[in-house]
Amino acid sequence: MNVALVAAGLALLVLGSRWLVNGAVAFAQAFGVSELVIGLTIVAAGTSLPEVATSILAAIRGERDIAVGNVVGSNIFNVLAVLGLSGLVAPAGLPVSGALAAFDIPVMIAVAVACLPIFASGAKIARWEGAPFLFYYVTYTAYLVLAAQQPDALPVFSAVMLAFVLPLTGLTLAVVGWRVWRRPAA
């Protein structure tokens with residue numbers, strides 16, 4: 001019975017995520033949004049919803065190692081295995097757009113580096129440490145949408161990000177780093 005429930009759940013999960021992604025892509029294309037923006041926002045969010053649900057349930061049930069392992073493992077698998085296999089089977093390789101190389105990949109690397117002190121801050125990600133990352137995702141998505149729909153608004157958005165978000169990020173990382181440094185050695 002459990003195997004049948006797992007199989008049915010997996011089938012419904014695949015079906016639901018396919019509906020979500022296909023509907024969102026059709027909706028975004030109707031508004032003239034580029035494939036890169038669709039992939040970086042709608043498809044990424046749609047394919048990650050099962051992981052989000054799993055991590056939230058694991059955190060609620062007190063199985064925090066599963067929540068963190070699910071997120072970290074999924075990211076490692078997506079970057080290395082999925083991208084690697086896609087590159088192997090693509091006839092001419094996977095082209096990387098200039099916009100992706102100039103902005104999105106450096107943002108991904110910066111976020112990964114910003115996670116390091118938080119992961120070292122006592123083997124626990126506090127709510128105040130998680131909130132900036134959720135805010136960063138929202139602002140990153142807003143940037144992508146603005147770049148695709150209203151490029152004239154980008155200078156103002158970028159100025160706000162430089163004046164507000166970067167100092168806030170620096171302050172957050174400094175506080176976390178200070179807490180890690182101040183903590184007595186185990």
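## Helix packing in an all-helical chain

Residues 24 or more positions apart account for 54% of the protein chain's contacts, counting those with a separation of 6 or more. The model is predicted.

**Overall build**

The protein chain has 6 helices and 0 strands. Along the sequence, the pattern reads α-α-α-α-α-α. Its C-alpha atoms fill a box of roughly 55 × 50 × 30 Å, taken along the principal axes. The chain has 186 residues, and 18% of them are buried. Accessible surface comes to about 12,900 Å². Carbon and sulfur atoms hold 75% of that surface.

**The α1 and α2 pair**

Helix α1 covers residues 2-30. Helix α2 covers residues 35-60. The two pack at an angle of about 160 degrees. Their axes lie 9 Å apart. Angles over 145 degrees count as roughly antiparallel, so α1 is roughly antiparallel to α2. The crossing of α1 past α2 is right-handed.

Which residues of α1 meet α2? They are L13, S17, L20, V21, A24, V25, A28 and Q29. On the α2 side, the partners are I38, I42, V43, G46, T47, L49 and P50. By type, the residues of this contact divide into 11 nonpolar, 4 polar and no charged.

**Two residues side by side**

S55 lies in α2, and V79 is found in α3. Are these positions buried or exposed, or something in between? The table gives their values.

| Residue | Helix | Relative accessibility | Class |
|---|---|---|---|
| S55 | α2 (residues 35-60) | 11% | buried |
| V79 | α3 (residues 64-89) | 40% | partly exposed |

The cut-off for buried is under 20% relative accessible area. S55 counts as buried because its relative accessibility is 11%. The partly exposed class runs between 20% and 50%. V79 counts as partly exposed because its value is 40%.

What does S55 touch beyond its neighbours within four places in sequence? S55 is in contact with A67, N70 and V71.

V79 can also be placed relative to P167. In sequence, V79 and P167 are 88 residues apart. In space, the distance is 29 Å, C-alpha to C-alpha.

**In brief**

The α1 and α2 contact pairs roughly antiparallel helices through residues of which 11 are nonpolar and none are charged. Further along α2, S55 is buried and has A67, N70 and V71 among its contacts.

Key: Residues numbered from 1 in each chain as written. Predicted model: local features only at pLDDT ≥ 70, side-chain atom pairs only at ≥ 80, totals over all residues. Heavy atoms only, no water. Helix = DSSP H or I, 4+ residues; strand = E, 2+ residues; numbered from the N terminus. Buried < 20%, exposed > 50% of the residue type's maximum accessible area, 1.4 Å probe, protein only. Contact = heavy atoms within 4.5 Å. Axes fitted to C-alpha atoms, helices over the stretch in contact; angles between N-to-C directions. Parallel < 35°, antiparallel > 145°, perpendicular 65-115°, else oblique. Left-handed = near helix turned anticlockwise from the far one by under 90°. Nonpolar A, V, L, I, M, F, W, Y, C, P; charged D, E, K, R; others polar. Areas by Shrake-Rupley, 256 points an atom, 1.4 Å probe, with all protein chains shown as cover.
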